[in-house]
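Work through the exercises below with the sequence and the model side by side. Try each task before reading its solution.

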Amino acid sequence: MNDLVIRNCLDFNQKKIDIFIRNGKIAEISERILISDIPEIDAGGHFISPPFIDSHFHMDATLSYGLPRINQSGTLLEGISLWGELKKDLTADAIKERARKLCKWSIARGTLGIRSHVDVSGDNLMAVEALLDIKEEMKDFLDIQLVAFPQDGLYRAKCLNNLKTALEMGVDVVGGIPHFERTMSDGAYSVKTLCEIAEKKGLLVDMHCDESDDPLSRHVETLANETTRLGLEGRVAGSHLTSMHSMDNYYFSKLIALLVEANLHIIPNPLINITIQGRHDTYPKRRGLTRVPEQMKAGLNVAFGHDCVMDPWYPLGSHDMLEVAHMALHVAHMTGADDMKECFKAVTTNPAKVMHLDNYGLEKGCNGDLVILQCKNPVEALRLKPPRLYVIRRGQIISSTDPVKYKINTGKEELVDLIF
Ligand code: FE2
């Protein structure tokens, strides 16, 4: 049946609402729903949001931290070579077991949409097969979209055939990594080739692009140009784009217009970018985050990704998108009240647009997918990263927890939450 009434919640704009979900879809939102005799929950005056969405992740590598060893330098390049060492010993069962565990963490955090890159540059497509199985296995609980990702370089690792086979097997999105090809021209050529494949097959594109501190790494220019040339506007995402942090300001003023023309989706990965970029710098050390406020101001769709949880590149994380947005607003100097709300959208509605998710949102007719947080509003969600009291998928409660209250004793005992 999947019918449910949720009472007494606060929406993004602090309006007090009840929500009626019928057959897994939002049938009514109003101040007071006059329906009884179906299951209902009391949100206790807490904040309700559509689920968190992570539009950039690596599920084939997740939870492999320490295998076969730890990334000592913390650099992107040591991470890539460590992943190469690990890849040799991977089994489908191990990938699936870790991915399954990660999916459960995601559900507990209210992250119900994940775009995961999957490496196609090895000598087999075992990870692709494993993650296609996980996608199917978890489909009632979260939406997984897979990207064919030539981690070691499309031309450098000679994996164009693998990539095409992965797409035939059911991988959804065309990936790339132009800055990791042997030369700038190989990088540009890979962008052109991959965009043409996507155009022919009617697929979306999402490339790791310019994940570098080199201000002359300008593959995003080619990505935008190919997008416009092939009529792929709104269907292409540039992930990372960290070189933009270091670019010449005059060049950026030209570039931003090209990105707008291409309606390019921008996917910074704040936790990873602040960790990995600037590693070759003496002081001052660059932050390495792409130019988020400027991109948002220009009208581009910016979605923050988690990228990694406990893998060769990043030792922390629990797939909590509020951690991601919290880091982003600090690194991007977006602490203004409206800026912080935009950062919340960058882990909810914006990545849903990147992934072209149908029926996402808190409106009549949308999927009954919702998260109730132990806080009052989106900014407080960012401040507290509070417990997800209920996570609801198509009208079914798929995760829940009691509100956290601390027993404080300052002469007299009282229960305290951290709500302002
Ligand atoms: Fe990535």
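Buried means under 20% relative accessible area, exposed means over 50%, and partly exposed lies in between. The model is a predicted one.

**Exercise 1. A charged pair and its second partner**

Task: Find the salt-bridge partner of Glu78, and decide whether Glu78 is buried or exposed.

Solution:
- Step 1. Look for the partner: Glu78 forms a salt bridge with Arg69. The closest N and O atoms are 2.9 Å apart.
- Step 2. Apply the cut-off to Glu78. Its relative accessibility is 16%, so Glu78 counts as buried.
- Step 3. Do likewise for Arg69. Its value is 32%, so Arg69 counts as partly exposed.
- Step 4. Follow Arg69 further. Its side chain also meets that of Glu85 in a salt bridge, at 2.8 Å from N to O.
- Step 5. Place the pair in the fold. Arg69 sits in the loop between strand E5 (52-58) and helix H1 (76-87), while Glu85 belongs to helix H1, so the pair ties together parts that are 16 residues apart in sequence.
- Step 6. Classify Glu85. With a relative accessible area of 27%, Glu85 is partly exposed.

**Exercise 2. A salt bridge within a helix**

Task: What separates Glu380 and Arg383 along helix H14?

Solution:
- Step 1. Locate both residues. They are three residues apart in helix H14 (residues 378-384), so about one helical turn separates Glu380 from Arg383.
- Step 2. Check the atoms. The two form a salt bridge, with the closest N and O atoms 3.1 Å apart.
- Step 3. Classify each end. Glu380 is buried, with a relative accessible area of 5%. Arg383, at 43% relative accessibility, counts as partly exposed.
- Step 4. Turn to a network elsewhere in the list. Arg7, Asp18, Arg32 and Glu40 are joined into one network by salt bridges that share partners.
- Step 5. Count for the whole model. The structure holds 25 salt bridges.

**Exercise 3. Helices H5 and H6**

Task: Which residues of H5 are buried, and what covers them?

Solution:
- Step 1. Take the helix itself. H5 (residues 184-201) has 18 residues. From first C-alpha to last, H5 reaches 26 Å, close to the 26 Å expected at 1.5 Å a residue.
- Step 2. List the buried residues of H5: Gly187, Ser190, Val191, Thr193, Leu194, Cys195, Ile197 and Ala198.
- Step 3. Look at the cover. It includes helix H4 (160-169), strand E8 (173-174), strand E9 (204-209) and helix H6 (219-229).
- Step 4. Move to H6. Its buried residues are His219, Val220, Thr222, Leu223, Ala224, Glu226 and Thr227.
- Step 5. Look at the cover over H6. It includes H5, E9, strand E10 (236-240), helix H7 (243-246) and helix H8 (249-261).
- Step 6. Inspect what follows each helix. Gly202 follows H5, with a positive phi near 70 degrees. Gly231 follows H6, and its phi is also positive, near 70 degrees.

**Exercise 4. Ile177 in its loop**

Task: Which residues does Ile177 contact, leaving aside its neighbours within four places in sequence?

Solution:
- Step 1. Place the residue. Ile177 lies in the loop between E8 and H5.
- Step 2. Classify it. At 3% relative accessibility, Ile177 counts as buried.
- Step 3. Read off the contacts: Phe149, Pro150, Gln151, Gly153 and His208.
- Step 4. Take His208 on its own. Ile177 and His208 are 31 residues apart along the chain, yet their C-alpha atoms are separated by 4.9 Å.

**Exercise 5. Empty space**

Task: How many residues line the largest cavity, and how many line the largest pocket?

Solution:
- Step 1. Start with the cavity. One cavity of 30 Å³ or more is counted. The largest cavity has a volume of about 120 Å³.
- Step 2. Find its lining. There are 16 lining residues, and the closest to the centre are Leu76, Gln151, His208, Glu211 and Trp313. H1 and helix H9 (270-276) each give two or more residues to this lining.
- Step 3. Sort the cavity lining by class: nine nonpolar, five polar and two charged.
- Step 4. Go to the pocket. About 380 Å³ of space lies in the largest pocket. Of its 22 lining residues, Leu76, Leu77, Glu211, Ser212 and Asp213 are the closest to the centre.
- Step 5. Sort the pocket lining by class: six nonpolar, nine polar and seven charged residues.

How values were computed
Residues numbered from 1 in each chain as written. Predicted model: local features only at pLDDT ≥ 70, side-chain atom pairs only at ≥ 80, totals over all residues. Heavy atoms only, no water. Helix = DSSP H or I, 4+ residues; strand = E, 2+ residues; numbered from the N terminus. Expected span 1.5 Å × (residues − 1). Buried < 20%, exposed > 50% of the residue type's maximum accessible area, 1.4 Å probe, protein only. Contact = heavy atoms within 4.5 Å. 1 Å grid on protein atoms, 1.4 Å probe; cavity = no way out; pocket = protein on both sides within 12 Å on 5 of 7 lines; lining within 4 Å. Points joined across faces, edges and corners; volume = space filled by probe spheres on them. Nonpolar A, V, L, I, M, F, W, Y, C, P; charged D, E, K, R; others polar. Salt bridge = Lys/Arg side-chain N within 4 Å of Asp/Glu carboxyl O.
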